[in-house]
Amino acid sequence: MLTPVTQEWLQMLSLYGWIWIIPIVERLFPLNKQPFVRSGMINDLIHTYHRLHLHSMVNAAFVAWLVVYAQRHASQGAYLQGSLANAHWGWSFFALLLMGHITFYVAHYYSHKIPLLWQFHRVHHSSLTLDSFSTSRFHVIDKALFAAPYLMLVTYFQPDPALVFLYISFRDFWGRYGHGNIKDAHWLGYFVSNPKFHRWHHSNHPEAIDKNFSGEFNFMDYMFGTAYYPKERIPENFGETDYSNNIVVQHYRPFVDIYNIAKNDGAMALFRKPKPKPEQNYQAAQE
Ligand SMILES: [Zn+2]
Ligand SMILES: [Zn+2]
(Lines give C-alpha, C1' and ligand atoms only; values in the text may rest on other atoms or scores of the structure.)
(Ligands and ions follow the chains in the order given, each with its own letter.)
Protein backbone atom coordinates (compact mmCIF):
# COMPACT_ATOMS: atom_id res chain seq x y z
CA MET A 1 0.00 0.00 0.00
CA LEU A 2 2.82 2.46 0.85
CA THR A 3 5.42 3.05 -1.82
CA PRO A 4 9.06 2.57 -0.73
CA VAL A 5 9.58 6.35 -1.12
CA THR A 6 6.69 7.11 1.27
CA GLN A 7 8.06 4.59 3.75
CA GLU A 8 11.49 6.20 3.57
CA TRP A 9 9.99 9.65 4.14
CA LEU A 10 8.03 8.47 7.15
CA GLN A 11 11.10 6.79 8.57
CA MET A 12 13.17 9.96 8.09
CA LEU A 13 10.43 12.06 9.70
CA SER A 14 10.13 9.85 12.75
CA LEU A 15 13.92 9.53 13.16
CA TYR A 16 15.00 13.11 12.48
CA GLY A 17 12.03 15.17 11.27
CA TRP A 18 9.45 15.92 13.90
CA ILE A 19 11.97 15.54 16.73
CA TRP A 20 13.28 18.90 15.48
CA ILE A 21 10.17 20.34 13.79
CA ILE A 22 8.04 20.21 16.94
CA PRO A 23 10.59 22.19 19.05
CA ILE A 24 10.24 24.99 16.47
CA VAL A 25 6.43 24.88 16.83
CA GLU A 26 6.95 24.94 20.62
CA ARG A 27 8.91 28.20 20.23
CA LEU A 28 6.18 29.74 18.03
CA PHE A 29 3.10 28.72 20.05
CA PRO A 30 4.21 28.02 23.63
CA LEU A 31 1.67 26.91 26.24
CA ASN A 32 4.02 27.93 29.05
CA LYS A 33 6.95 30.34 29.07
CA GLN A 34 9.89 27.99 29.55
CA PRO A 35 13.50 27.89 28.33
CA PHE A 36 14.53 25.73 25.37
CA VAL A 37 17.66 24.53 27.16
CA ARG A 38 16.74 22.88 30.46
CA SER A 39 18.15 20.35 32.89
CA GLY A 40 17.78 16.76 31.72
CA MET A 41 17.67 17.78 28.06
CA ILE A 42 20.88 15.92 27.06
CA ASN A 43 19.58 12.85 28.88
CA ASP A 44 16.28 13.01 26.99
CA LEU A 45 18.10 13.38 23.67
CA ILE A 46 20.20 10.32 24.46
CA HIS A 47 16.94 8.49 25.20
CA THR A 48 15.54 9.70 21.88
CA TYR A 49 18.43 8.51 19.76
CA HIS A 50 19.54 5.43 21.61
CA ARG A 51 16.01 4.15 21.95
CA LEU A 52 14.56 5.25 18.66
CA HIS A 53 17.17 3.35 16.74
CA LEU A 54 16.66 0.31 18.92
CA HIS A 55 12.94 0.74 18.46
CA SER A 56 13.16 1.08 14.67
CA MET A 57 15.29 -2.04 14.46
CA VAL A 58 12.84 -3.98 16.62
CA ASN A 59 9.93 -2.64 14.56
CA ALA A 60 11.61 -3.46 11.26
CA ALA A 61 12.46 -6.97 12.45
CA PHE A 62 8.93 -7.42 13.73
CA VAL A 63 7.30 -6.21 10.52
CA ALA A 64 9.58 -8.47 8.45
CA TRP A 65 8.62 -11.40 10.64
CA LEU A 66 4.97 -10.44 10.36
CA VAL A 67 5.15 -10.52 6.55
CA VAL A 68 6.65 -14.01 6.61
CA TYR A 69 4.11 -15.13 9.19
CA ALA A 70 1.20 -13.72 7.18
CA GLN A 71 2.46 -15.38 3.99
CA ARG A 72 2.67 -18.78 5.68
CA HIS A 73 -0.63 -18.49 7.53
CA ALA A 74 -2.60 -16.40 5.07
CA SER A 75 -5.74 -18.44 5.52
CA GLN A 76 -8.09 -17.21 8.19
CA GLY A 77 -8.22 -19.28 11.36
CA ALA A 78 -10.77 -19.69 14.09
CA TYR A 79 -11.66 -16.82 16.45
CA LEU A 80 -10.97 -14.13 13.83
CA GLN A 81 -7.28 -15.07 13.51
CA GLY A 82 -5.84 -13.41 10.42
CA SER A 83 -9.13 -11.63 9.82
CA LEU A 84 -7.41 -8.38 8.81
CA ALA A 85 -5.11 -10.09 6.27
CA ASN A 86 -7.39 -9.26 3.33
CA ALA A 87 -9.48 -6.50 4.89
CA HIS A 88 -10.03 -3.07 3.31
CA TRP A 89 -7.22 -0.69 4.35
CA GLY A 90 -9.67 1.78 5.90
CA TRP A 91 -11.14 -0.87 8.16
CA SER A 92 -7.66 -2.20 9.01
CA PHE A 93 -6.40 1.24 9.95
CA PHE A 94 -9.42 1.85 12.14
CA ALA A 95 -8.84 -1.54 13.84
CA LEU A 96 -5.15 -0.67 14.36
CA LEU A 97 -6.08 2.66 15.96
CA LEU A 98 -8.59 0.97 18.24
CA MET A 99 -6.20 -1.85 19.25
CA GLY A 100 -3.40 0.67 19.82
CA HIS A 101 -5.60 2.90 21.89
CA ILE A 102 -7.15 0.22 24.10
CA THR A 103 -3.85 -1.61 24.78
CA PHE A 104 -2.13 1.69 25.56
CA TYR A 105 -4.84 2.81 27.97
CA VAL A 106 -4.91 -0.55 29.83
CA ALA A 107 -1.10 -0.93 30.00
CA HIS A 108 -0.76 2.70 31.12
CA TYR A 109 -3.49 2.35 33.76
CA TYR A 110 -1.81 -0.70 35.32
CA SER A 111 1.66 0.83 35.11
CA HIS A 112 0.31 3.47 37.52
CA LYS A 113 -1.72 1.14 39.75
CA ILE A 114 0.74 -1.76 40.26
CA PRO A 115 3.80 -0.61 42.27
CA LEU A 116 6.12 -3.08 40.49
CA LEU A 117 5.25 -1.60 37.08
CA TRP A 118 5.20 1.95 38.44
CA GLN A 119 8.91 1.74 39.36
CA PHE A 120 9.67 1.44 35.62
CA HIS A 121 7.03 3.93 34.45
CA ARG A 122 8.21 6.40 37.09
CA VAL A 123 11.24 7.14 34.87
CA HIS A 124 8.90 8.70 32.29
CA HIS A 125 7.28 10.80 35.02
CA SER A 126 10.56 12.07 36.46
CA SER A 127 10.90 15.02 33.99
CA LEU A 128 10.71 18.33 35.85
CA THR A 129 10.02 20.28 32.66
CA LEU A 130 7.71 18.96 30.00
CA ASP A 131 8.46 19.45 26.32
CA SER A 132 8.65 17.29 23.21
CA PHE A 133 12.07 15.97 24.26
CA SER A 134 10.50 14.48 27.42
CA THR A 135 8.54 12.08 25.18
CA SER A 136 11.46 9.68 24.90
CA ARG A 137 12.35 9.38 28.57
CA PHE A 138 11.26 5.79 29.15
CA HIS A 139 12.69 2.69 30.77
CA VAL A 140 13.05 0.03 28.05
CA ILE A 141 11.05 -2.47 30.17
CA ASP A 142 8.22 0.05 30.48
CA LYS A 143 8.31 0.63 26.73
CA ALA A 144 8.22 -3.12 26.07
CA LEU A 145 5.24 -3.58 28.43
CA PHE A 146 3.33 -0.91 26.54
CA ALA A 147 4.16 -2.40 23.13
CA ALA A 148 3.79 -6.15 23.81
CA PRO A 149 -0.04 -6.44 23.94
CA TYR A 150 -0.34 -4.39 20.76
CA LEU A 151 2.25 -6.45 18.89
CA MET A 152 0.49 -9.65 19.95
CA LEU A 153 -2.84 -8.40 18.60
CA VAL A 154 -1.24 -7.27 15.35
CA THR A 155 0.40 -10.66 14.87
CA TYR A 156 -2.90 -12.37 15.56
CA PHE A 157 -5.08 -10.31 13.22
CA GLN A 158 -2.35 -9.84 10.56
CA PRO A 159 -3.13 -6.47 8.97
CA ASP A 160 -1.01 -5.19 6.05
CA PRO A 161 2.50 -4.52 7.51
CA ALA A 162 2.63 -1.20 5.59
CA LEU A 163 -0.39 -0.04 7.59
CA VAL A 164 1.28 -1.09 10.84
CA PHE A 165 4.27 1.01 9.83
CA LEU A 166 2.02 3.95 9.01
CA TYR A 167 0.31 3.65 12.38
CA ILE A 168 3.62 3.44 14.28
CA SER A 169 4.85 6.59 12.50
CA PHE A 170 1.59 8.36 13.38
CA ARG A 171 1.95 7.29 16.99
CA ASP A 172 5.53 8.49 17.14
CA PHE A 173 4.47 11.89 15.84
CA TRP A 174 1.55 12.05 18.27
CA GLY A 175 3.74 11.29 21.29
CA ARG A 176 6.03 14.21 20.44
CA TYR A 177 3.14 16.59 19.85
CA GLY A 178 1.29 15.44 23.03
CA HIS A 179 4.32 16.14 25.24
CA GLY A 180 5.12 19.39 23.44
CA ASN A 181 4.86 22.75 25.13
CA ILE A 182 2.31 23.80 22.50
CA LYS A 183 -0.77 25.95 22.86
CA ASP A 184 -3.73 24.71 20.85
CA ALA A 185 -7.54 24.89 21.05
CA HIS A 186 -8.95 23.78 24.42
CA TRP A 187 -11.80 21.78 22.83
CA LEU A 188 -9.27 19.43 21.18
CA GLY A 189 -8.64 17.92 24.61
CA TYR A 190 -12.18 16.55 24.72
CA PHE A 191 -11.32 14.26 21.80
CA VAL A 192 -7.56 13.77 21.57
CA SER A 193 -4.66 13.73 24.01
CA ASN A 194 -3.32 17.19 23.18
CA PRO A 195 -0.45 18.83 25.12
CA LYS A 196 -2.73 20.45 27.72
CA PHE A 197 -4.52 17.15 28.42
CA HIS A 198 -1.33 15.08 28.78
CA ARG A 199 0.32 17.78 30.92
CA TRP A 200 -2.25 17.10 33.62
CA HIS A 201 -1.24 13.44 33.52
CA HIS A 202 2.37 14.44 34.32
CA SER A 203 1.46 17.01 36.96
CA ASN A 204 1.84 16.64 40.73
CA HIS A 205 -1.46 18.39 41.48
CA PRO A 206 -3.40 16.05 43.83
CA GLU A 207 -6.63 16.37 41.82
CA ALA A 208 -4.87 15.12 38.67
CA ILE A 209 -3.10 12.06 40.12
CA ASP A 210 -3.85 8.91 38.08
CA LYS A 211 -5.84 10.81 35.47
CA ASN A 212 -5.62 11.15 31.66
CA PHE A 213 -4.09 7.80 30.68
CA SER A 214 -4.94 8.12 26.97
CA GLY A 215 -2.32 8.11 24.25
CA GLU A 216 -4.09 9.52 21.21
CA PHE A 217 -7.87 9.58 21.63
CA ASN A 218 -9.46 10.36 24.97
CA PHE A 219 -12.74 8.46 24.86
CA MET A 220 -11.65 5.77 27.35
CA ASP A 221 -10.65 8.40 29.93
CA TYR A 222 -14.10 9.95 29.59
CA MET A 223 -15.80 6.53 29.60
CA PHE A 224 -14.06 5.29 32.75
CA GLY A 225 -14.05 8.59 34.63
CA THR A 226 -10.28 9.09 34.56
CA ALA A 227 -10.33 12.37 32.62
CA TYR A 228 -9.29 15.64 34.29
CA TYR A 229 -9.41 18.66 32.02
CA PRO A 230 -10.26 22.05 33.56
CA LYS A 231 -10.72 24.92 31.11
CA GLU A 232 -8.99 27.85 32.79
CA ARG A 233 -5.91 26.26 34.35
CA ILE A 234 -2.60 24.84 33.12
CA PRO A 235 -0.58 22.56 35.43
CA GLU A 236 2.87 23.80 36.40
CA ASN A 237 4.40 21.30 38.80
CA PHE A 238 5.94 18.15 37.28
CA GLY A 239 8.26 15.30 38.07
CA GLU A 240 10.56 14.35 40.92
CA THR A 241 13.46 16.57 41.96
CA ASP A 242 15.37 13.71 43.58
CA TYR A 243 15.20 11.34 40.62
CA SER A 244 18.12 11.24 38.21
CA ASN A 245 18.82 12.90 34.86
CA ASN A 246 21.26 10.13 33.97
CA ILE A 247 20.01 7.49 31.53
CA VAL A 248 22.19 4.79 33.13
CA VAL A 249 20.83 5.49 36.62
CA GLN A 250 17.29 5.64 35.19
CA HIS A 251 17.75 2.11 33.89
CA TYR A 252 19.08 0.48 37.07
CA ARG A 253 17.32 2.49 39.77
CA PRO A 254 13.91 0.77 39.32
CA PHE A 255 15.53 -2.57 40.19
CA VAL A 256 17.09 -1.09 43.35
CA ASP A 257 13.77 0.48 44.35
CA ILE A 258 11.90 -2.78 43.70
CA TYR A 259 14.43 -4.67 45.83
CA ASN A 260 14.02 -2.15 48.66
CA ILE A 261 10.22 -2.26 48.57
CA ALA A 262 10.25 -6.08 48.69
CA LYS A 263 12.80 -6.05 51.50
CA ASN A 264 11.06 -3.43 53.64
CA ASP A 265 7.36 -4.04 52.97
CA GLY A 266 7.27 -7.60 51.64
CA ALA A 267 6.87 -8.88 48.10
CA MET A 268 3.10 -8.30 48.09
CA ALA A 269 3.72 -4.55 48.38
CA LEU A 270 4.93 -4.73 44.77
CA PHE A 271 1.48 -5.75 43.58
CA ARG A 272 -0.85 -3.69 45.72
CA LYS A 273 -0.78 0.05 46.16
CA PRO A 274 -1.00 0.95 49.88
CA LYS A 275 -4.16 2.83 50.86
CA PRO A 276 -2.98 6.36 51.65
CA LYS A 277 -3.47 7.35 55.29
CA PRO A 278 -4.75 10.93 55.73
CA GLU A 279 -1.31 12.30 56.74
CA GLN A 280 0.31 10.62 53.75
CA ASN A 281 -1.97 12.29 51.23
CA TYR A 282 0.42 15.11 50.52
CA GLN A 283 3.31 12.69 50.03
CA ALA A 284 1.19 10.50 47.73
CA ALA A 285 0.31 13.53 45.70
CA GLN A 286 4.01 14.17 45.12
CA GLU A 287 4.48 10.73 43.57
ZN1 LIG B 1 1.90 7.74 33.09
ZN1 LIG C 1 3.95 11.25 29.07
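Okay, so let's start with the two metals: the zinc ion (ligand 1) and the zinc ion (ligand 2) sit 5.7 Å apart. Keep in mind that this is a predicted model.

Let's take ligand 1. The zinc ion (ligand 1) is held by five histidines through NE2, namely His108, His112, His121, His125 and His201, at 2.1 to 2.2 Å. Read along the sequence, those donor residues give you H-x3-H-x8-H-x3-H-x75-H. Two of them share a helix: His108 and His112 are both in α3, which runs over residues 89-113, and they're four residues apart, about one turn of the helix. And are these two buried or exposed? His108 is buried, at 2% relative accessible area, and His112 is buried too, at 6%.

Now over to ligand 2. For the zinc ion (ligand 2), the protein donors are the NE2 atoms of His124, His179, His198 and His202, 2.1 Å away. The spacing here reads H-x54-H-x18-H-x3-H. So what about the geometry around ligand 2? The four donor atoms subtend angles of 89 to 166°, so the arrangement comes out irregular. For those of you who'd want to call it tetrahedral, that would need all angles between 85 and 135 degrees.

One more thing about this site. His124 and His202 link distant parts of the chain, 78 residues apart: His124 is in the loop between α4 (115-121) and α5 (140-157), while His202 is in helix α7, residues 195-202. As for accessibility, His124 counts as buried at 2%, and His202 is buried with a relative accessible area of 2%.

Terms used. Residues numbered from 1 in each chain as written. Chains lettered and ligands numbered in written order. Predicted model: local features only at pLDDT ≥ 70, side-chain atom pairs only at ≥ 80, totals over all residues. Heavy atoms only, no water. Donors = N, O, S within 2.8 Å, 3.2 Å for Na, K, Ca; no water. Helix = DSSP H or I, 4+ residues; strand = E, 2+ residues; numbered from the N terminus. Buried < 20%, exposed > 50% of the residue type's maximum accessible area, 1.4 Å probe, protein only. Tetrahedral: all angles 85-135°; square planar, octahedral: opposite > 155°, others 65-115°.
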